[in-house]
Amino acid sequence: ELLSNLTVIDYILDEHATPTPVDIDCFSRSQEEVFSEVQNLKYLIPAMISLADCEQERVAITCVIQRVLDNAMVRPFSIAILFCDLFFHINLIIGWLLILEQFINADISRNGNKDLPG
């Protein structure tokens with residue numbers, strides 16, 4: 001939370017000073033470096049999973065963790081898992097529709113079309 005809530009004023013350490021463009025640029029670069037270091041922590045996401053639910057929600061809304069999670073989602077392994085999951089769900093739906101059609105056709109042929117209107 002502290003990392004995500006930092007501002008340029010915190011960076012220049014003078015609440016009464018007006019930040020210059022150089023201060024803003026230095027702050028942005030420093031913040032990017034810190035976010036990159038946090039992103040490179042090995043066990044950050046597993047550690048978040050072990051937190052209590054209310055703490056997980058609190059952590060997940062911070063800017064630094066959102067960036068870590070966003071970057072984790074665009075890695076090739078994550079994308080491959082998403083595509084495999086999509087493929088599985090499509091196959092499951094198609095299989096369910098085919099089985100349902102077989103049951104309907106078997107019921108119609110067994111009853112000799114007695115239940116159909118007309």
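These are my notes on the salt bridges in this structure, which is a predicted model.

**Entry 1, the count.** I looked up how many salt bridges the structure holds, and the answer is three. I took them one pair at a time.

**Entry 2, Asp 25 and Arg 29.** I found these two side chains joined in a salt bridge, with 3.1 Å from N to O. Both residues sit in helix H3, which covers residues 21–39. They are four residues apart there, so about one helical turn separates them. I checked exposure too: Asp 25 is partly exposed at 40% relative accessible area, and Arg 29 is also partly exposed, at 47%.

**Entry 3, Arg 67 and Glu 32.** Next I looked at the side chains of Arg 67 and Glu 32, which meet in a salt bridge at 2.8 Å, N to O. This pair ties together distant parts of the chain, since Arg 67 lies in helix H6 (residues 63–73) and Glu 32 in helix H3, 35 residues apart. Arg 67 has a relative accessible area of 29%, so I put it down as partly exposed. Glu 32 gets the label partly exposed as well, at 39%.

**Entry 4, Glu 55 and Arg 58.** For this salt bridge I noted 3.6 Å between the closest N and O atoms. That value falls within the 4 Å cut-off, so the pair counts. Where do Glu 55 and Arg 58 sit? I found both in helix H5 (residues 53–60), three residues apart, with about one helical turn between them. Glu 55 is partly exposed at 31%, and Arg 58 is partly exposed at 40%.

Terms used. Residues are numbered from 1 along each chain as its sequence is written. This is a predicted model: local features need pLDDT of at least 70, side-chain atom pairs count only at pLDDT 80 or more; totals for chains, interfaces and linings use all residues. Side-chain values use heavy atoms; hydrogens and water are left out. Helices (H or I, at least four residues) and strands (E, at least two) are DSSP runs, numbered from the N terminus. Buried means under 20% relative accessible area, exposed over 50%, partly exposed in between (1.4 Å probe, protein chains only).
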